[in-house]
Amino acid sequence: MSNTIPSAEIEQLRASVTGTILTSTDEGWDAARTPWNLAIERAPALIAQPADSTDVVAVVAFARRNRLRVAPQSSGHNAGSLGPLDDAVLISTGPLNDVSIDVDGRTARVGAGAVWGAVSAATDETGLFALAGSAVDVGITGYTLGGGLGWLSRKHGLAA
C-alpha cells in the first residue's frame, strides 16, 4: 500500500520529523516490521520510529490525511492483535523508552517504548518495585493496557 501514498507526501513527513520513516524499499524495513513473534508476517503501509511525542503527532496527522490506520507497537509480543497492516502506519514506539522514578511520589514515568527490564533496573536502588510482567523485554504500554496480569498480581493487584 505504501506505493499508493504519493512519494512527495512521504518525503514531506520525513522532513517534518526527527525520527525515522521507512517504506518497503528502505534499508532496515525488514528488521523494523518483524515483531518479537516471528510467526506474524506484517507489511504495513509505512513504519514510523518517532524520536519524541512531536513526531507521533506528525505521524498521526499524516495517517489521518492519507486515510491510514495507526498501529502503535512497542516490543511486538502481541503483534497478531493489530491485524493486517496494509492500510496502517506502524508506529514503533521503541525509541520512546525514557524511564524516570519519583521516589517520594512512589511513581514511575515511562515512555511508550519502555520495557520492564528498564523499569526494574531504575527501581532497584529505590526500594520500590513495579507490578512487572513475566519477562524483562515485554513493553510496558501493551502490558498495562492489555490487563497487567503478572507474577505479583495476586498479592498487589493488576498493573492496569
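**Salt bridges, cores and a surface patch**

Modeller: At 16% relative accessibility, arginine 33 counts as buried. This is a predicted model, and we can start from that residue.

Colleague: Good place to begin! Which residue does arginine 33 meet in a salt bridge?

Modeller: Both partners lie in helix α2, three residues apart, about one turn of the helix. Their side chains come to 2.8 Å, N to O. The partner of arginine 33 is aspartate 30.

Colleague: Is aspartate 30 buried, partly exposed or exposed?

Modeller: Buried would need under 20% relative accessible area, and exposed over 50%. Aspartate 30 has a relative accessible area of 47%, so it falls between those limits and is partly exposed.

Colleague: How many salt bridges does the structure hold?

Modeller: The aspartate 30 and arginine 33 pair is one of them. Arginine 14 also meets glutamate 11 in a salt bridge, and it meets aspartate 26 in another. For the structure, the number of salt bridges is five.

Colleague: Which residues are linked in a network of salt bridges?

Modeller: Arginine 14 and glutamate 11 pair at 2.7 Å, N to O, and both sit in helix α1 (residues 7-16), three residues apart. Arginine 14 also pairs with aspartate 26, at 2.3 Å, N to O. The linked residues are Glu11, Arg14 and Asp26.

Colleague: How many residues apart in sequence are the parts tied together by arginine 14 and aspartate 26?

Modeller: The side chains of these two residues meet in a salt bridge. Arginine 14 belongs to helix α1, while aspartate 26 lies in the loop between β1 (20-22) and α2 (29-33), so the pair ties together parts whose separation in sequence is 12 residues.

Colleague: What is the relative accessible area of aspartate 26?

Modeller: Its partner arginine 14 counts as partly exposed at 25% relative accessibility, and glutamate 11 counts as partly exposed at 43%. Aspartate 26 is partly exposed as well, with a relative accessible area of 21%.

Colleague: On to the interior. Which element gives the largest share of the largest nonpolar core?

Modeller: In general, nonpolar side chains in soluble globular proteins tend to be buried together. Of the 15 residues in this core, Leu13, Ile21, Leu46, Phe62 and Val89 touch the most other members. Two or more residues come from each of α1, β2 (46-49), α3 (53-65) and β4 (88-92). The largest share, four residues, is given by α3.

Colleague: How many residues make up the second, separate core?

Modeller: Leucine 46 touches, among others, Leu22, Trp29 and Ala88, leaving aside residues up to four places away in sequence. Leu22, Trp29 and Ala88 are among the members of the second core, as is Ala71. The size of that core is nine residues.

Colleague: How wide an arc do the buried residues of helix α4 cover around the axis?

Modeller: The buried residues of α4 (residues 116-123) are Trp116, Val119 and Thr123. They lie on the same side of α4, because the arc they cover is only 65°.

Colleague: And what do the buried residues of α4 pack against?

Modeller: The buried residues in question are Trp116, Val119 and Thr123. Their packing partners are β5 (99-102), β6 (107-110) and α5 (140-145).

Colleague: One last question, about the surface: what is the area of the nonpolar patch that includes Leu152?

Modeller: Leucine 152 lies in the loop between α5 and α6 (153-156), and at 34% relative accessibility it counts as partly exposed. Together with Phe129 and Trp151, Leu152 makes a nonpolar surface patch of about 380 Å².

Methods: Residues numbered from 1 in each chain as written. Predicted model: local features only at pLDDT ≥ 70, side-chain atom pairs only at ≥ 80, totals over all residues. Heavy atoms only, no water. Salt bridge = Lys/Arg side-chain N within 4 Å of Asp/Glu carboxyl O. Buried < 20%, exposed > 50% of the residue type's maximum accessible area, 1.4 Å probe, protein only. Arc of directions from axis to C-beta. Contact = heavy atoms within 4.5 Å. Patch = residues over 30% accessible without salt bridge, like charges linked within 9 Å, V, L, I, M, F, W, Y side chains within 5 Å. Areas by Shrake-Rupley, 256 points an atom, 1.4 Å probe, with all protein chains shown as cover. Core = buried A, V, L, I, M, F, W, Y, C linked by side-chain atoms within 4.5 Å.
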